[in-house]
Every structure is written in structure tokens, then in C-alpha cells.
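Please read the following notes with the sequence and the 3D view open beside you, taking one point at a time. They begin with the whole chain and then turn to particular helices and residues.

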Amino acid sequence: MNESDVSAPPSGAAAGHGDLTEAAGQPVGAGLVKASYDPRLANEDLAPLREQTWSSYNIFAFWMSDVHSVGGYVTAGSLFALGLTSWQVLVALLVGITIVYFFCNLVARPSQQGAVPYPVVCRAPFGVLGANVPAIIRGLIAVAWYGIQTYLASAALDVVLLKLFHGLTPYADVHQYGFLGLPLLGWCSFAALWVLQAAVFWTGMETIRRFIDFCGPAVYVVMFALTGYLIYKAGWGAMSLNLGGEKHGGSTISIMLGAIALVVSYFSGPMLNFGDFARYGKSFGAVRKGNILGLPLNFLVFSLLVVLTASLTIPVFGELITDPVQTVARIDSTFAIVLGALTFTTATIGINIVANFISPAFDFSNVSPQRISWRAGGMIAAVGSVLITPWNLYNNPDVIRYTLETLGAFIGPLFGVLIADFYFIRRRVIVVDDLFTMSEQGTYWYRKGVNPPAVIATVIGAVVAMMTVVLPESAISWIDTAGQYSWFIGMGLGLAVYYALARRSPITASSLGAPVPAPRAPQSQGSEQPAAS
């Protein structure tokens with residue numbers, strides 16, 4: 001099979017002003033909802049796009065913004081806590097992002113070919129109704145990330161407020177004015193940014209697009225300036241790739257492998273979400289080129305900035321500081337602190353809306369397309385982000401690691417099932433129209449709209465992966481090490497179990513008997529017909 005075997009949306013119809021769907025960072029043509037599509041499965045946000053317009057630069061800009069966030073720098077900096085030196089952290093970051101690049105290309109192809117977001121693509125392996133399982137899991141994970149990024153942005157805002165108004169210091173003490181693990185000042189900053197993000201999201205994608213255009217370059221400028229300042233204070237001779245955190249035991253190779261796994265776990269959310277953005281790519285080649293620019297090459301600069309700024313804090317401040325916001329706060333200039341912290345705050349807001357608002361909006365809309373619009377789905381995510389008290393999930397290196405391992409355990413199986421179905425079971429064939437039908441003759445109806453092998457594989461993968469995270473080391477000596485690879489364990493089990501069950505399942509096999517649709521003729525709206533199973 002080849003890419004021409006895929007049923008795709010028409011490209012000849014242009015979207016009118018009233019047909020603009022608000023998704024993925026810029027106004028684009030609305031999805032084409034055909035008369036044959038079941039309203040329980042379709043709305044303009046979920047339907048195949050009329051036009052796919054993103055170039056490789058748009059994909060690159062997305063990754064540039066997504067990488068250079070406070071969360072990205074804090075996570076990368078937390079690798080020093082494992083006891084790695086600067087050059088070892090650099091190697092772990094680069095190897096990790098190369099793995100991410102490979103998997104992003106895998107998850108991008110089905111969404112780009114079908115021009116539909118991730119929850120709709122998942123109807124192929126899970127069934128048209130069973131797809132709500134991965135949609136809800138991914139939506140809840142995105143809610144967690146949304147809350148975490150909002151908390152990190154509010155922490156940067158706190159730095160500004162404390163520098164400008166020293167009288168607020170008591171209110172930043174969780175022991176004096178704390179509630180649920182967050183001080184009063186933190187609550188106020190979090191609430192302010194929560195409202196601001198919701199307002200920007202509600203205003204529309206043109207506003208968000210401006211945020212994206214600003215985010216990546218702005219953080220780049222601040223990080224280059226911060227690196228220059230540290231070099232100026234410490235001197236060129238102070239730069240060393242051998243500086244780092246205190247080693248706590250274990251071989252260097254095993255620690256570095258664990259660090260690589262944590263990098264992949266951090267990006268496991270954006271990896272799974274990437275289909276929501278790849279659907280806008282004008283071709284898979286454009287998506288892949290944007291990934292090369294935005295991941296390995298862009299991340300090389302990011303990694304160098306991480307290791308240089310962190311390692312230079314030792315000669316300049318006498319201690320290792322891995323959080324760039326805290327490093328900025330140590331500078332003897334109110335203007336520099338305010339500018340740096342506000343830049344980090346604004347950039348994280350823009351990244352957060354794009355990376356963690358849009359995906360759960362699609363997911364929750366997928367559950368009930370006619371009742372939950374894309375905007376309503378986003379607001380559900382916003383409310384949920386407060387209820388999980390995200391500041392308790394990302395407030396020190398050990399908690400960060402535990403959080404990443406937990407999220408990876410649930411994301412991995414979803415990834416594995418999708419990859420196994422699209423590449424190994426269906427050989428890159430997807431019948432787009434059948435993703436939107438409740439007909440029992442539809443390709444993806446399976447058993448009452450659910451494909452049991454996909455659900456079973458997801459449960460097995462998630463349960464086993466979570467066991468490596470929650471079981472104490474006293475019970476099994478190697479379990480703590482295994483927990484670092486929760487995403488890989490979940491992904492591998494999800495892929496293997498689904499492949500084994502699907503190959504033997506008569507329910508899954510019945511969906512493979514459909515004739516492959518003919519390639520779509522250019523500028524034609526009637527060429528893709530749903531195949532009969």
C-alpha cells in the first residue's frame with residue numbers, strides 16, 4: 001500500500017468567513033461535514049479539513065514554542081539532580097529528542113493523511129465509540145499538563161511581584177498563608193494567569209497565533225542574554241561540561257538511560273498530541289521537514305543553553321540552579337528580573353494554550369460533538385486544571401520524575417495501539433468517511449462501536465507500566481529503575497498485545513475485508529467513498 005491508498009478530504013472547496021474553525025494556532029478552513037456523517041460523531045472541528053495549508057515553517061514554529069517553555073527548562077534542568085555532569089545531560093537530551101522525532105513522524109502520518117485530529121484517528125483501532133477511551137485519557141493528561149504549565153508561569157510571575165513589592169514576601173510563605181500546598185500569593189498569580197489564558201483562548205485563534213509568534217523567539221532572546229550575563233560574570237574559563245549535580249549511586253550509563261527515558265516521557269504528551277497539528281500539514285514531507293528543524297536542530301540549541309546556564313550558576317552563585325526563572329531572580333537588576341520573568345510567563349501562556357488547551361478541547365468534543373463544542377471542551381480542561389492542584393505535581397525533581405513516569409505509563413499504551421493498528425494491521429490505509437458513521441456495516445463499527453483488542457491492550461499496558469511506578473523498591477529491587485521506562489513499557493506492551501490480539505480477532509479481521517478506495521482525483525469532492533466491510 002502507499003499514501004495514495006488513503007481516503008482523504010476534498011481540497012477544492014474554500015472556507016468562507018463564517019466557516020473558520022478555531023484550532024491549532026491559526027485560522028484554517030473548517031472541517032467538511034458531509035450529509036452522510038452521523039451527528040453523534042461529527043462537527044466542524046472534528047471533520048476532515050477542506051484545506052491543509054501548514055508548511056514546514058509552521059511545524060517548526062510550533063516546536064520552537066513548545067520546546068522553549070519554563071516547563072521544558074525546568075525538566076531538562078532536573079536531570080542534573082540525577083547526578084549527571086553537563087556533557088552527560090547534553091547527550092541525554094539530544095538522544096531523547098532524536099527518539100521523540102522518530103515517534104512524532106509515526107504519529108503524524110495518519111492524522112496528516114486523513115486531515116483529522118487524534119481522537120478521530122483513534123476510531124480506527126478503538127472503534128467509533130471506543131475511541132472515547134483514549135480521548136478521555138489523553139484529555140485528562142492534557143488537563144494535568146495545562147495546570148502544571150500554568151503553575152510554572154505563575155511562579156515566574158511571583159518572582160516579579162516579590163522583586164517589585166517586598167511587602168508581599170509573607171504571603172509567599174506556604175506555612176503562613178498556605179492552602180492545599182500553595183501560598184496566597186501563588187493562588188493569586190495562578191488565578192490571574194488562569195483567567196488570562198481562558199480569555200485569550202475565548203478571544204480566538206488570531207490572538208493565540210500572535211502569542212505563538214512571540215513565544216519561541218522571546219524565550220530564546222532571554223536565554224541567550226542570560227547565558228551571556230553568566231559568562232560575563234564567571235569568565236570564559238569557567239565554562240565546563242564536567243560541572244553538574246551530586247551523584248547518588250548507580251552506573252553512569254544506567255543513569256543516562258534513565259535521563260533519556262525522562263526526556264521522552266516529558267514529550268510523550270506533545271508526541272501524542274502532534275496529530276492534532278500534523279493534520280494541517282500540506283504534505284507529510286512538509287511535516288517531516290518541520291520536525292527535523294523543530295526537534296533535533298532546535299533542541300540542540302535548547303540543550304546547549306540548558307547545560308551552559310545551569311553549570312555557570314555554580315561559579316557565579318556558588319550553587320547549582322537549574323530553574324532559569326530562579327537564575328534570573330538572582331541578577332542584581334530589577335529591570336532584568338522583571339523583563340526575564342514576564343517573558344517566561346507570557347511565553348509559557350502562549351505555549352500552554354496551544355499545546356495543552358487545544359488537544360483536550362478536541363478530546364472532550366469527540367465525546368459528544370453536538371453538545372460539547374471546541375470552546376466548551378477547552379473550558380472543561382481549564383476547570384479541571386485547578387482541581388488537580390498541579391503545583392503539587394511539579395515542585396521538586398523527585399516529584400517531577402514521578403509525575404512524568406505516571407503520565408508516561410498512560411500515554412505509552414495509547415501510542416502503541418495506534419502505531420500497531422495503522423502501520424502493522426492496516427498497512428497505512430484509513431477510510432476517512434467510515435470514521436464518521438454509526439452504521440453496523442462501517443469499517444470501524446466492530447462490536448457495538450468498540451474494538452475489544454484495543455481496549456484490552458490499553459488496560460494491560462497501562463496497568464503493568466503503572467506497577468513499575470507505584471510499587472516500592474523494597475518489594476522488588478529493580479522496580480525503581482524500571483519506573484523510569486514507564487512510557488516505553490506501556491508503549492511496547494500496548495503495541496505487542498494489540499498486534500497479537502488483532503491478528504487473531506474475528507472482530508478486527510472483519511474490518512480488514514474492505515476494498516481499498518481509489519486514489520482521490522485532484523479538485524474532486526466526490527472521490528472518497530466509504531468502503532463496505
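1. A caution should come before anything else: this is a predicted model, and the values discussed below were computed from it. The protein contains 20 helices and four strands, and of its 533 residues, 58% are buried. If you consider the contacts between residues at least 6 apart in sequence, you will find that 81% of them join residues at least 24 apart.

2. The largest nonpolar core has 127 residues, and the members that touch the most other members are Phe274, Phe344 and Tyr394. Helix 16, which covers residues 397-425, contributes 13 residues and thereby gives the most to this core. A second core, separate from that one, has 10 residues, and Ala153, Leu157, Val200 and Phe357 are among them.

3. Which residues does Tyr394 contact, once its neighbours within four places in sequence are set aside? Its partners include Gly71, Val74 and Thr75, as well as Trp145, Ile148, Tyr151 and Leu152. Tyr266 is also in contact with Tyr394, and so are Val399, Ile400, Thr403 and Leu404.

4. Is Val219, a residue of helix 9 (residues 205-234), buried or exposed? Its relative accessible area is 1%, and because a residue under 20% counts as buried, Val219 is buried. Leaving aside neighbours within four places in sequence, the contacts of Val219 are His68, Tyr73, Thr343, Phe344 and Ala347. The pair Val219 and His68 deserves a look in the 3D view, as these residues are 151 apart in sequence while their C-alpha atoms are 6.3 Å apart in space.

5. Helix 2 (residues 70-77) packs with helix 12 (residues 284-317) at an angle of about 60 degrees, and their axes are 10 Å apart. The two helices are therefore oblique to each other, and helix 2 passes helix 12 in a right-handed crossing. On the side of helix 2 the meeting residues are Gly72, Tyr73, Ala76 and Gly77, while helix 12 supplies Phe302, Leu305 and Val306. Sorted by class, this contact has five nonpolar residues, two polar residues and no charged ones. Tyr73, one of the helix 2 residues in this contact, is also one of the contacts of Val219 described above.

6. Helix 12 takes part in another packing, with helix 3 (residues 86-114), where the axes come within 9 Å and cross at roughly 160 degrees. Since angles over 145 degrees count as roughly antiparallel, helix 3 and helix 12 are therefore roughly antiparallel to each other. Their crossing is right-handed, and the contact between them has 19 nonpolar, six polar and two charged residues.

7. Finally, helix 17 (residues 452-470) and helix 19 (residues 486-504) pack with their axes 8 Å apart, at an angle of about 155 degrees. This pair is therefore roughly antiparallel, and the crossing of helix 17 and helix 19 is right-handed. Among the residues that meet are Ile456, Ile460, Gly461 and Val464 in helix 17, and Ile489, Gly490, Leu493 and Val497 in helix 19. The residues of this contact divide into 14 nonpolar, five polar and no charged.

Technical notes: Residues are numbered from 1 along each chain as its sequence is written. This is a predicted model: local features need pLDDT of at least 70, side-chain atom pairs count only at pLDDT 80 or more; totals for chains, interfaces and linings use all residues. Side-chain values use heavy atoms; hydrogens and water are left out. Axes are lines fitted to C-alpha atoms, for helices over the stretch in contact, and angles run from 0 to 180 degrees between N-to-C directions. Angles under 35 degrees count as roughly parallel, over 145 as roughly antiparallel, 65 to 115 as roughly perpendicular and the rest as oblique. A crossing is left-handed if the near helix is turned anticlockwise from the far one by less than a right angle, and right-handed if clockwise. Contact means heavy atoms within 4.5 Å. Ala, Val, Leu, Ile, Met, Phe, Trp, Tyr, Cys and Pro count as nonpolar, Asp, Glu, Lys and Arg as charged, and the others, Gly among them, as polar. A nonpolar core is a set of buried Ala, Val, Leu, Ile, Met, Phe, Trp, Tyr and Cys residues joined through side-chain atoms within 4.5 Å. Buried means under 20% relative accessible area, exposed over 50%, partly exposed in between (1.4 Å probe, protein chains only).
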